Amino acid sequence: MKIWDKVLFVSIVILDQLTKAAVMRSMVPGQSIPLVQDIFHLTYVLNPGAAFGILSNQRMFLLITGAALI
């Protein structure tokens with residue numbers, strides 16, 4: 001992995017975390033802000049499960065399964 005790949009990766013992770021923190025601080029769950037009218041909205045949604053809400057509220061199962069796979 002080249003240095004610029006690492007810089008890009010770290011920059012994306014930092015931007016992602018800053019965006020999430022800003023949304024959690026300034027919005028309530030379910031709130032939506034149009035960034036490009038009728039095309040792109042920023043919506044605060046909580047996901048208590050795995051990808052796309054699969055296994056919703058099954059945190060212990062996901063932790064045990066992840067630990068077992070590692």
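The exercises below, each with a worked solution, concern a predicted model of a single chain.

**Exercise 1. Confidence**

Determine what mean pLDDT the chain has, and which of its elements have the lowest and the highest mean values.

Solution. Start with the chain, whose mean pLDDT is 92, with 100% of its residues at 70 or more. Then turn to the elements, among which helix α2 (residues 59–69) has the lowest mean, 91, while α1 has the highest, 96.

**Exercise 2. The largest pocket**

Describe the largest pocket by its volume, its lining residues and the elements that supply them.

Solution. The first step is the volume, which comes to about 240 Å³. The second step is to list the lining, which consists of L15, D16, T19, K20, V23, M24, L42, T43, Y44, V45 and L46. Next, assign these residues to elements: α1 (3–26) and β2 (40–43) each supply at least two of them, and α1 gives the largest share, with 6 residues. Finally, sort the lining by class, which yields 7 nonpolar, 2 polar and 2 charged residues.

**Exercise 3. A salt bridge in α1**

Identify which side chains meet in a salt bridge, and work out how their positions in helix α1 are related.

Solution. The count of salt bridges is 1, and the partners are K20 and D16, with 3.1 Å from N to O, a distance that satisfies the cut-off of 4 Å. Because K20 and D16 are 4 residues apart in helix α1, about one helical turn separates them. To place the pair relative to the surface, consider the accessibility of each partner: K20 is partly exposed at 44% relative accessible area, and D16 is likewise partly exposed at 33%. Both D16 and K20 also appear among the residues that line the largest pocket.

**Exercise 4. Positive phi in two loops**

Establish where D38 and N57 lie, and whether each is buried or exposed.

Solution. Begin with the general expectation that most residues other than glycine have a negative phi. D38 has a positive phi near 65° and lies in the loop between β1 (32–36) and β2; its relative accessible area is 69%, so D38 is exposed. N57 has a positive phi near 60° and lies in the loop between β2 and α2; at 60% relative accessibility, N57 is exposed, because the cut-off is over 50%.

**Exercise 5. Separation in sequence and in space**

State how far apart V7 and P29 are, both in sequence and in space.

Solution. V7 is located in helix α1 and is partly exposed, at 38% relative accessibility. Counting along the chain, V7 and P29 are 22 residues apart, and their C-alpha atoms are 32 Å apart in space.

Methods: Residues are numbered from 1 along each chain as its sequence is written. This is a predicted model: local features need pLDDT of at least 70, side-chain atom pairs count only at pLDDT 80 or more; totals for chains, interfaces and linings use all residues. Side-chain values use heavy atoms; hydrogens and water are left out. On a 1 Å grid over the protein atoms alone, a cavity is a set of points where a 1.4 Å probe fits but cannot get out, and a pocket is an open set with protein on both sides within 12 Å along at least five of seven lines; lining residues have an atom within 4 Å of a point. Grid points are joined across faces, edges and corners, and a volume is the space filled by probe spheres set on the points. Ala, Val, Leu, Ile, Met, Phe, Trp, Tyr, Cys and Pro count as nonpolar, Asp, Glu, Lys and Arg as charged, and the others, Gly among them, as polar. pLDDT is the predictor's confidence in each residue, from 0 to 100. Buried means under 20% relative accessible area, exposed over 50%, partly exposed in between (1.4 Å probe, protein chains only).
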